[in-house]
Amino acid sequence: MFRCLWFFAVLLSCSLQQACAQDATHATTDDQTTYTPPVQVDDYSSIADWEHRDQWNLANVHDPTIVYDGQYYYMYWTDASYGNAHMGHGHFPYRRSKDLVHWDFMGMLMEDTPDWVLPTLNKMRAEDGLEPITEPRYGYWAPVARKVGDKYRLYYSIIIDNYIQSGKPNTAENFDNSWTERAFIGMMETDDLASNQWEDKGMVTCSVSDRGKDWSRQNRRSDWSGYFRYNAIDPTYIVTPKGEHYLIYGSWHSGIVALKLNPETGKPAKPLKSLDDYGTRIAARFLGNPNNRWQGMEAPEIIYNEKTGYYYLFLAYDELSVAYNTRVCRSKNITGPYIGIDGGNVTQGDECWPILTHPYKFNNHPGWVGISHCCIVQNPDTGEWFYCSQGRLPHNVNGNQYSNAIMMGHVRKIRWTDDGWPVVMPQRYTNMPQGNITEEDFVGTWENILLDHEFRKQRESTPLILHENRTATGALTGKWSYNEKEKVLTIAGQKLYIEKELDWEADPCKPTLIYAGLTPEGRSLWGKKVAAAVSS
């Protein structure tokens, strides 16, 4: 299993001077609607501790899932926080919001590790002739929550960070030439999210190997050949238009699988006896080697878009602290094949394009890294789609050597291209009134970012100027035009989907115009107009 233990105990008081609520409160947009931005400071280290949790809003978020109960959006996420603020208070934190912008921290989903986990683990160990583990080192990762009929189901990951051979905790000193133990996915149900009263239903699936008792790691911790065929973390859940229920899960070892479930129980449709019973592989990342067992891919999220008739599989690529980036592929069938925008067969191990998020940096801000492991949520009233994940600050922001452990929840609006691909907006969502956007609003200086893949590097902006004579120079060149009805800016044939949003990098923050688009090669284009961007 691949995750970094980046829970740091040090809290430093420093400010990024991006407290947009203080700077832009009561900004009035051109439709005369009073608009109040969210209270948020990007470097939240001074309020990261547990005692300040009522001030967090979207601070301390990692691997989120969101479900709507008709009044509130509820967000649940991995046990991860700057300075280990959550430690000792339970597991799987949650918060709620009425608008996806202003969030109230509510507490913890789970007080203790479910009773079934340890005996289940030790029963499996006994079957392999291994001694029981008495005090496992657990990890609580990446839940997914969905409404199913009149109930809500939440699937969660619990990993065992102990070596298989000896049962000792995973440390360099304890290394015994074996891999770490399996992960489990369990499930809970409730009738009422507000009550936080859940009934645990036990194990759904667990990590499974095709190597029997050969858990040797070739005498080195740097062996990444992956003992487990399928790794039971990062679940996502979907009910197909035909009423079939599937759990999609997996990471790194050998790809992503789809496990068919019994709709009534939420458990596997058939007993887990053979390797095939654990699911059908629907995505892999071979990186030129069909036998690759360490694929740099995890965190599946799946949705079905009725308007396009496709299932969309969102994937996180690369390591999570800096390089994390989001890809997407699609299929007409729940079990694939999933195809990228370039025609690549992701089910068969091809690289997945397009790329939707990536480490980036606009001017006047350190920028963001580690932007992935997303959930996708739809507003049932407006039909709008939203992307939500964590974003991390880069290393050494404000002189803080631990700033990369500052994890902010990023909610971003999704637009859909004419040919049915999602694009994710470059600025975080603040529910800003859109008003009228006219051609005059576009004239001026912009920043453009091409989200091409650079491992552990932030993509930086380059200037773009839109002139009054409807020509563009700089990052994009040629004639430009604006379709006011569709909210699409076109520059030399490249379509860019326009929103009005907060300029988070400006000081003070102010409304501006932003865009997102896709190149034919499947690289996202992100842009924003700088300075006095829109009428106010």
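At 1% relative accessibility, T78 counts as buried, because that value is under 20%. The model in which T78 sits is a predicted one. T78 belongs to the loop between β4 (73-76) and β5 (91-97).

**Surroundings of T78**

Apart from neighbours within four places in sequence, the residues in contact with T78 are H62, D63, P93, Y140, W141, A142 and P143. With A142 there is a polar pairing: a polar atom of the T78 side chain lies 2.7 Å from the backbone nitrogen of A142. N345 is 267 residues away from T78 along the chain, and their C-alpha atoms are separated by 31 Å.

**The chain as a whole**

The protein chain contains 2 helices and 34 strands. Its radius of gyration is 23 Å, close to the 24 Å that the globule rule gives for 536 residues, so the chain is as compact as a globular protein of that length. Taken along the principal axes, the box filled by the C-alpha atoms is roughly 75 × 50 × 50 Å. Of the 536 residues, 61% count as buried. Among contacts in the chain with a separation of 6 or more, 59% come from residues 24 or more positions apart.

**Strand pairs**

Strands of a sheet pair through backbone hydrogen bonds, either parallel or antiparallel. The table lists four antiparallel pairs with their bridge counts and one residue pair from each.

| Strand pair | Sense | Bridges | Residue pair |
|---|---|---|---|
| β14 (residues 245-249) and β15 (residues 256-261) | antiparallel | 5 bridges | L247 and L259 |
| β17 (residues 297-305) and β18 (residues 310-317) | antiparallel | 7 bridges | Y304 and Y311 |
| β28 (residues 462-466) and β29 (residues 471-474) | antiparallel | 3 bridges | I465 and T473 |
| β29 (residues 471-474) and β30 (residues 478-483) | antiparallel | 2 bridges | A472 and G478 |

The pair β14 and β15 belongs to an open sheet of 4 strands, ordered β13-β14-β15-β16 with antiparallel pairing. β13 (236-239) and β16 (280-283) are the edge strands of this sheet, each pairing on one side only. From one strand to the next, the twist averages 30°.

Strand β17 is largely enclosed by the rest of the structure, because 8 of its 9 residues are buried. The hairpin of β17 and β18 has 4 residues between the strands, and G309 there takes a positive phi near 80°.

β28 and β29 also form a hairpin, with 4 residues between them. In that turn R470 has a positive phi of about 65°. β29 then continues into a hairpin with β30, joined through 3 residues.

**Nonpolar cores**

In soluble globular proteins, nonpolar side chains tend to be buried together. The largest nonpolar core of this model has 61 residues. Within that core, the residues with the most contacts are Y44, I66, M75, L100, F314, Y360 and I376. A second, separate core has 46 residues, including M187, M188, W198 and Y249.

F314 falls within the residue range of β18 (residues 310-317). Leaving aside neighbours within four places in sequence, F314 is in contact with A299, P300, E301 and I303, and these four fall within the range of β17 (residues 297-305). The other contacts of F314 are T326, R327, V328, L356, C374, I376 and P422. One of these, I376, is also listed with F314 among the residues with the most contacts inside the largest core.

**S331 in strand β19**

S331 is found in strand β19 (residues 325-331). At 3% relative accessibility, S331 counts as buried. The S331 side chain reaches the backbone oxygen of N333 at 2.9 Å. Beyond neighbours within four places in sequence, S331 is in contact with Y310, Y311, G336, P337 and Y338. Of these, Y311 is the residue of β18 that serves as the bridge partner of Y304.

T78 and S331 can be set side by side. T78 lies in a loop, whereas S331 lies in a strand. T78 counts as buried at 1% relative accessibility, and S331 counts as buried at 3%. The side chain of T78 has a polar atom 2.7 Å from a backbone nitrogen, that of A142, while the side chain of S331 reaches a backbone oxygen, that of N333, at 2.9 Å.

Technical notes: Residues are numbered from 1 along each chain as its sequence is written. This is a predicted model: local features need pLDDT of at least 70, side-chain atom pairs count only at pLDDT 80 or more; totals for chains, interfaces and linings use all residues. Side-chain values use heavy atoms; hydrogens and water are left out. Buried means under 20% relative accessible area, exposed over 50%, partly exposed in between (1.4 Å probe, protein chains only). Contact means heavy atoms within 4.5 Å. A polar contact is a pair of N or O atoms within 3.5 Å; within protein, one must be able to donate a hydrogen and the other to accept it, and residues adjacent in sequence count only if both atoms are side-chain atoms. Two strands pair if DSSP finds at least two bridges between them. Axes are lines fitted to C-alpha atoms, for helices over the stretch in contact, and angles run from 0 to 180 degrees between N-to-C directions. A nonpolar core is a set of buried Ala, Val, Leu, Ile, Met, Phe, Trp, Tyr and Cys residues joined through side-chain atoms within 4.5 Å. The radius of gyration is taken over C-alpha atoms; the globule rule is 2.2 Å times the number of residues to the power 0.38.
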